[in-house]
Amino acid sequence: MARGGDNDRMDDAPSAAQLSYLRRGLVQPGGKLPLFDEDGQAVSARTIRICIEKGWAEPWFDNPIKPDWLVCRLTDAGRHAAEGA
């Protein structure tokens, strides 16, 4: 796996909530990460932002209907973290 820039910030493992979020992207086309958990509750914006900061997720596109939603996908580092934990 090529690593560089922000993806080098993998000095700690994902929390249980972060890991659950990241693992759901493993089975989605393009590594799309969920907006809602298995119970239909919105994934915490804090969880999403930390995953972005750690380089495990990246914003994918803006949703013009819901601009406050963070639509993200797994990065290579996120895939590695989700599969290796």
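Student: Which residues are buried in helix α3?
Tutor: Happy to start there, keeping in mind that this is a predicted model. Helix α3 spans residues 76-84, and the side of it turned away from the buried residues carries Asp76, Glu83 and Gly84, which are exposed. The buried residues cover an arc of only 130° around the axis, so they sit on the same side of α3. Those buried residues are Ala77, Gly78, Ala81 and Ala82.

Student: What do the buried residues of α3 pack against?
Tutor: Let's look at the partner helix too: α1 has buried residues of its own, and what covers them includes α2 (45-53), β2 and α3. Turning back to α3, its buried residues pack against α1 (16-24) and β2.

Student: Within what arc do the buried residues of α1 fall, seen down the axis?
Tutor: Good one to check by eye. The buried residues in α1 are Gln18, Leu19, Tyr21 and Leu22. They line one face of the helix, because seen down the axis of α1 they fall within an arc of 160°.

Student: Is Asn63 buried or exposed?
Tutor: Asn63 is found in the loop between β1 (57-61) and β2 (71-74). Leaving aside residues up to four places away in sequence, Asn63 touches Trp69 and Val71. Its relative accessibility is 17%, and the cut-off is under 20%, so Asn63 counts as buried.

Student: Which backbone nitrogens does the side chain of Asn63 reach?
Tutor: There are two contacts to look at here, at 2.9 Å for Ile65 and at 3.1 Å for Lys66. The side chain of Asn63 thus reaches the backbone nitrogen of Ile65 and that of Lys66.

Student: How many residues apart in sequence are the parts tied together by Asp12 and Lys54?
Tutor: A search of the whole structure finds 3 salt bridges. In one of them, Asp12 pairs with Lys54, with the closest N and O atoms 2.9 Å apart. Asp12 lies in the segment before α1 and Lys54 in the loop between α2 and β1, so the parts they tie together are 42 residues apart.

Student: Is Glu38, the salt-bridge partner of Arg24, exposed or buried?
Tutor: The closest N and O atoms of Arg24 and Glu38 are 3.7 Å apart. Arg24 is partly exposed, at 27% relative accessible area. With a relative accessible area of 58%, Glu38 is exposed.

Student: Which strands hold Arg73 and Glu58?
Tutor: The side chains of these two residues meet in a salt bridge at 3.0 Å, N to O. The pair links distant parts of the chain, 15 residues apart: Arg73 is in strand β2 and Glu58 in strand β1.

Definitions and conventions
Residues are numbered from 1 along each chain as its sequence is written. This is a predicted model: local features need pLDDT of at least 70, side-chain atom pairs count only at pLDDT 80 or more; totals for chains, interfaces and linings use all residues. Side-chain values use heavy atoms; hydrogens and water are left out. Helices (H or I, at least four residues) and strands (E, at least two) are DSSP runs, numbered from the N terminus. Buried means under 20% relative accessible area, exposed over 50%, partly exposed in between (1.4 Å probe, protein chains only). A polar contact is a pair of N or O atoms within 3.5 Å; within protein, one must be able to donate a hydrogen and the other to accept it, and residues adjacent in sequence count only if both atoms are side-chain atoms. Contact means heavy atoms within 4.5 Å. The arc is that of the directions from the helix axis to the C-beta atoms. A salt bridge is a side-chain nitrogen of Lys or Arg within 4 Å of a carboxyl oxygen of Asp or Glu.
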